[in-house]
Amino acid sequence: MSALRSPLHAQHVALDASLVDFAGWEMPLRYGGDVAEHHAVRNAAGLFDLSHMGELMVRGADAAAALDHALVGHMSRMGLGRAKYTMICAADGGVLDDLVVYRRDWDHFMVVANAANRERVLAELQARFAAAGLDATVDDETHAIALIAVQGPASAGIVARMCEAGADDVDVMKYYTGVNILLEGGTHAYAARTGYTGEDGFELFVAADTAADVWELALREGAADGLQPCGLASRDSLRLEAGMPLYGHELSHDSTPFEAGLGRVVSFGVAGGPDRGDFVGREALARVREEGVAKTLVGLVGDGRRAARTGYAVTDAEDNQVGIVTSGLPSPTLGQPIAMAYVPPALAEPGTVVGVDVRGRREEMRVIALPFYKRDA
Amino acid sequence: MASIPEELKYSKEHEWVSGDVTSGSVVTVGITEHAAEALGDVVFVEAPAVGASVTAGEVCGELESTKAVSELYSPVSGTVTEVNDSLENAPESINAEPYGSGWIFKVELSDDAGDLLDAAGYADVSE
């Protein structure tokens, strides 16, 4: 199977990006240096091509009820123009994907799925809607849509300058909202104030055939602020510092949202509120909530230099394995190794010292409360 | 295309060696531009200590970037005579000048280093 390509492939080649296979897509790993790209997002702004992400459009009179049933969140309670972080779980409570859902109209939701899980989420949604007999359709519009993210403290000014004059009041947008905007030259975009970097930022969903124009517009309007094109390497270091989980690392079918410390995304309904109804995974998740978890996700920080990496063993004082590292790297912002790991709840208290087997040598790391990095409000 | 200077010799594990490679002489060792690009920005280098014995083809240290960690192999056998201490505070030299200020360590050879590749030979393995 040949690699899927973003509509911005020619731009990446022209910028001399290092391209990498990511879930079947040929995407930029970095353009220049990944550490410089990381700092650009923390201090100024970065431009990301996220066209590999899946956009699944859910439409129909029962769209909200259908998502209430299929996902762990109470989606019918979302207001128009709101975005929500949520998950789709299996009947056993295991996570099938983490998602951001945007309510674009009363009967139209956009479900953004991870590239690796897009086809599975599509199939699950279709099957669940059909089984529940609800009037809602799902269309995979991934290939018709490009997703371009502008992230960093300078992003609001840059996106405002990208807009047509008179239509540039994006700064009034609240975090986790989305709205249709008109870009310079008459290009339409759905702009959401969302991201995966721990910074303020915007994600622009645009028609694939306008992607190159929008990309060039962002580079032009962002140049004075130091906006840099950024690849997946910096995206990973940014999200890890922000304590955000990555499917396949912190999240998998082997654990529920509760182990990942994200039990809050599961809505069982509020007392006195509208009926939440049944949803796929409810029984299993209610049991986990009741009985507690056998492992929990923590942040680890080390005072040495060698970083824990995915799959390394977390050990106790006698070097017995008690947990596993899910992600880890030398943090560009903190200048120390950071990691996320699953450990028994008894070892999850901040300040607890654990060992990590870093290629045969024990390195000590301390449990700290996530996130590792939080921007100034 | 990553550069491969003609005057250097190379290992299959992507280290370069400069200087006379006969027994008793001192050579300088670093990693190639190809290797540095594959690793991404190097943020930490663990080089062998001065006085340590190193053996051609064996691991003698490690290099970390945000994205990955890579073992450092010694391309030659001998005793380490000097380590590039500036990499402690400026590991980015490995990406900026892999064949210059990004050199990693020097070795006094205990044997002739006969198995190294020339630039053309390394170009074939780093394709």
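**Exercise 1. An unusual peptide bond**

Where is the place of A:Pro371 in chain A? Work out its position, then look at the bond before it.

*Solution.* Keep in mind throughout that this is a predicted model.
- Step 1: A:Pro371 sits in the segment after β20 (361-368) of chain A.
- Step 2: The bond that joins A:Leu370 and A:Pro371 is a cis peptide bond, with omega about 0°.
- Step 3: For background, most peptide bonds are trans.

**Exercise 2. Positive phi angles**

Find the phi values of A:Ala23 and B:His14, then place each residue and judge its exposure.

*Solution.* Let's take the residues in turn.
- Step 1: A:Ala23 belongs to the loop between β2 and β3 of chain A, and its phi is near 55°.
- Step 2: With a relative accessibility of 35%, A:Ala23 counts as partly exposed; the partly exposed class runs from the 20% limit for buried to the 50% limit for exposed.
- Step 3: B:His14 is found in the loop between β1 (9-10) and β2 (15-18) of chain B, with phi near 75°.
- Step 4: The relative accessible area of B:His14 is 21%, so B:His14 is partly exposed as well.
- Step 5: Both values are positive in a residue other than glycine, whereas most residues other than glycine have a negative phi.

**Exercise 3. The overall build of chain A**

Describe chain A by its secondary structure, dimensions and contacts.

*Solution.* Start with the elements and work outwards.
- Step 1: Chain A holds eight helices and 20 strands.
- Step 2: Its radius of gyration is 21 Å, close to the 21 Å given by the globule rule for 377 residues, so chain A is as compact as a globular protein of that length.
- Step 3: Along the principal axes, the C-alpha atoms of chain A fill a box of roughly 65 × 50 × 45 Å.
- Step 4: Of the 377 residues in chain A, 57% count as buried.
- Step 5: Take the contacts in chain A between residues at least 6 apart in sequence: 65% of them join residues at least 24 apart.

**Exercise 4. Two covered helices and a buried serine**

How many residues of helix α7 (residues 232-241) of chain A are buried? Then examine α5(A) and A:Ser255 in the same spirit.

*Solution.* Go helix by helix.
- Step 1: In α7(A), 10 of the 10 residues are buried, among them the charged-class residues A:Arg235, A:Asp236, A:Arg239 and A:Glu241.
- Step 2: The packing partners of these buried residues are β2 (18-22), β3 (25-30), α2 (34-43), β4 (46-49), β17 (321-330) and β18 (337-343) of chain A.
- Step 3: Just after α7(A) comes A:Gly243, with a positive phi of about 70°.
- Step 4: Helix α5 (residues 155-162) of chain A is largely enclosed by the rest of the structure, because six of its eight residues are buried.
- Step 5: Those six include A:Ile158, A:Val159 and A:Met162, and the buried residues of α5(A) pack against β10 (145-151), β11 (178-183), β13 (201-207) and α6 (211-222) of chain A.
- Step 6: A:Ser255 lies in the loop between α7 and α8 (282-291) of chain A, and at 3% relative accessibility A:Ser255 counts as buried.
- Step 7: Leaving out residues up to four places away in sequence, A:Ser255 touches A:Gly93, A:Gly94, A:Val95, A:Glu250, A:Lys295 and A:Tyr342.

**Exercise 5. An open sheet**

Which strands of the six-stranded open sheet in chain A stand at the edges?

*Solution.* Write down the strand order, then look at its ends.
- Step 1: The order in chain A is β11-β12-β13-β10-β4-β14, with mixed pairing.
- Step 2: β11 and β14 (228-229) are the edge strands; each has a single partner strand, so one side of each is left without a neighbour in the sheet.
- Step 3: β14(A) pairs with β4(A) in the parallel sense over two bridges, and A:Leu47 stands opposite A:Pro229 in β14(A).

**Exercise 6. Empty space**

Locate the largest cavity and the second largest pocket, and compile their linings.

*Solution.* Begin with the enclosed space.
- Step 1: The whole structure has one cavity of 30 Å³ or more, and the largest cavity holds about 40 Å³ of space.
- Step 2: Its lining includes A:Phe48, A:Asp49, A:Leu232 and A:Arg235; β4 and α7 of chain A are the elements that give two or more residues to this lining.
- Step 3: The cavity lining comprises six nonpolar, one polar and two charged residues.
- Step 4: The second largest pocket has about 470 Å³ of space and 24 lining residues, with A:Ser18, B:Ala2, B:Glu33, B:Glu37 and B:Ala38 nearest its centre.
- Step 5: Helix α1 (residues 33-39) of chain B gives the most to that pocket's lining, with five residues.
- Step 6: By class, the pocket lining has nine nonpolar, eight polar and seven charged residues.

Terms used. Residues are numbered from 1 along each chain as its sequence is written. Chains are lettered from A and ligands numbered from 1 in the order in which they are written. This is a predicted model: local features need pLDDT of at least 70, side-chain atom pairs count only at pLDDT 80 or more; totals for chains, interfaces and linings use all residues. Side-chain values use heavy atoms; hydrogens and water are left out. Buried means under 20% relative accessible area, exposed over 50%, partly exposed in between (1.4 Å probe, protein chains only). Helices (H or I, at least four residues) and strands (E, at least two) are DSSP runs, numbered from the N terminus. Contact means heavy atoms within 4.5 Å. On a 1 Å grid over the protein atoms alone, a cavity is a set of points where a 1.4 Å probe fits but cannot get out, and a pocket is an open set with protein on both sides within 12 Å along at least five of seven lines; lining residues have an atom within 4 Å of a point. Grid points are joined across faces, edges and corners, and a volume is the space filled by probe spheres set on the points. Two strands pair if DSSP finds at least two bridges between them. The radius of gyration is taken over C-alpha atoms; the globule rule is 2.2 Å times the number of residues to the power 0.38.
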